[in-house]
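Please open the structure in a viewer and keep the selection tool at hand. The tour proceeds by selections, each followed by a description of what is found there.

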Amino acid sequence: LFGHEKGAFTGALALRRGRFEHAHEGTLFLDEIGDLPLELQPKLLRVLQEREFERVGGSRMIDVDVRLIAATHRDLETMARDGLFREDLYYRINVFPIYIPPLRERKEDIPTLANHAATRARSRAGFPQSDISDAAMEYLLDYAWPGNVRELENVIERAVILSRGGSIDASHVLIGPALDVPAMQPRPAPLAMRETEKEHILKALSRAKWRIEGRGGAAQLLEMNPSTLRSRMRKLGIERPVP
């Protein structure tokens, strides 16, 4: 953040300007500010209040004019009350707070975000652009996304790989079962890929009343060939329950 002078410590072979110095008369974004160690917080507070700082190993004050944007997934107000975050720093950065709701509370954004993530993933992999099927999108919309946008991006990248660059269907969307997660419920443990696939197939079979072929059958819901679905069921040990 503050840079250092040449010779300030072992390995400091040249002067290095820090982030604040580079952001002079501009904007500096600090991600996960709630993870900033307590011993560094007074130094950040001083820069924000006095608009000046010293490089490590330096003795000259450097003036700086920076707009600061900070982000965190933590509850800084609670941390400040508990002594885990400086209260004066919290009030100093809490000038214009913006709350971004979790993805499960803004599901109308999921199609746009999913298509954008798929476009980027295909571009990186050198695959041609393709679409996301309605059945696959239904799975995405039914899921509670405890990991928010990062989890969505990872799921879509995996789906692009599994689809080999073709259209993403429901069989390529490997996520946990649909969850109704209250705002303060802890994040569930992630399922292994095999168990996740098994959950999806069981969900489709239950919806189709264990009918595999035909209109409304599990194979159609999963956009899979019926013989492929039967093969996957045998491999995963899925059997129709005895009445």
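The stops below cover helix packing, a buried residue, aromatic rings, loops and a further helix. Please note at the outset that this is a predicted model.

**First stop: helices α5 and α7**

Two packed helices are described by the angle between their axes and the distance between the axes. Select α5, residues 110–125, together with α7, residues 148–162. Their axes lie 9 Å apart and pack at an angle of about 50 degrees. The two helices α5 and α7 are therefore oblique to each other, and the crossing of α5 past α7 is right-handed.

Which residues of α5 and α7 meet? On the α5 side, display Ile110, Leu113, Ala114, Ala117, Ala118, Arg120, Ala121, Arg122 and Arg124. On the α7 side, display Val149, Leu152, Glu153, Ile156, Glu157 and Val160. Sorted by class, this contact of α5 with α7 has 10 nonpolar residues, 5 charged residues and no polar ones.

**Second stop: isoleucine 156**

Keep α7 in view and select isoleucine 156, which is located in that helix. Is isoleucine 156 buried or exposed? Its relative accessible area is 1%, so isoleucine 156 is buried, the cut-off for buried being under 20%. Apart from neighbours within four places in sequence, isoleucine 156 is in contact with Ala114, Ala117, Ala118, Ile132, Leu140 and Ile168. For one of these, alanine 114, a distance may be drawn: the C-alpha atoms of isoleucine 156 and alanine 114 are separated by 6.7 Å, although the two residues are 42 residues apart along the chain.

**Third stop: helices α5 and α6**

Return to α5 and add α6, residues 134–142. The axes of α5 and α6 come within 10 Å and cross at roughly 120 degrees. That angle makes α5 oblique to α6, since angles from 65 to 115 degrees count as roughly perpendicular and those over 145 as roughly antiparallel. The crossing of α5 and α6 is right-handed.

To see the contact, display Ile110, Pro111, Ala114 and Asn115 in α5, which meet Met137, Leu140 and Leu141 in α6. By class, the α5 contact with α6 has 6 nonpolar residues, 1 polar residue and no charged residues. Leu140 also appeared at the previous stop, among the contacts of isoleucine 156.

**Fourth stop: aromatic rings**

How many aromatic pairs are counted? The count comes to 4 aromatic pairs. For tyrosine 143 and tryptophan 145, the ring centres are 4.7 Å apart and the planes stand at 85 degrees, so this pair is edge-to-face. Tyrosine 143 is buried, with a relative accessible area of 6%, and tryptophan 145 is also buried, at 0%.

Next, select Phe2, Phe20 and Phe53, which form one aromatic cluster.

**Fifth stop: arginine 55**

Phe2 leads to the next selection, arginine 55, which has Phe2 among its contacts. Arginine 55 is found in the loop between β4 (52–53) and β5 (62–63). Arginine 55 is buried, with a relative accessible area of 6%. Leaving aside neighbours within four places in sequence, the contacts of arginine 55 are Phe2, Gly3, His4, Glu5, Leu15, Arg16, Arg17, Glu21, Arg60 and Ile62.

**Sixth stop: two loop residues with positive phi**

Select glutamate 25, in the loop between α1 (19–22) and β3 (26–30). Its phi is near 65 degrees, a positive value in a residue other than glycine. Glutamate 25 is exposed, with a relative accessible area of 66%.

Then select lysine 209, in the loop between α8 (193–207) and α9 (218–222). Here phi is near 55 degrees, again a positive value in a residue other than glycine. Lysine 209 is exposed, with a relative accessible area of 67%.

**Last stop: arginine 230**

Finally, select arginine 230 in helix α10, residues 226–236. Arginine 230 is partly exposed, with a relative accessible area of 32%. Not counting residues up to four places away in sequence, arginine 230 touches Ile212 and Glu213. To end the tour, draw a line from arginine 230 to glutamine 49: they are 181 residues apart in sequence, and their C-alpha atoms are 66 Å apart in space.

Terms used:
Residues numbered from 1 in each chain as written. Predicted model: local features only at pLDDT ≥ 70, side-chain atom pairs only at ≥ 80, totals over all residues. Heavy atoms only, no water. Axes fitted to C-alpha atoms, helices over the stretch in contact; angles between N-to-C directions. Helix = DSSP H or I, 4+ residues; strand = E, 2+ residues; numbered from the N terminus. Parallel < 35°, antiparallel > 145°, perpendicular 65-115°, else oblique. Left-handed = near helix turned anticlockwise from the far one by under 90°. Contact = heavy atoms within 4.5 Å. Nonpolar A, V, L, I, M, F, W, Y, C, P; charged D, E, K, R; others polar. Phe/Tyr/Trp six-rings, centres within 6.5 Å; stacked < 30°, edge-to-face > 60°. Buried < 20%, exposed > 50% of the residue type's maximum accessible area, 1.4 Å probe, protein only.
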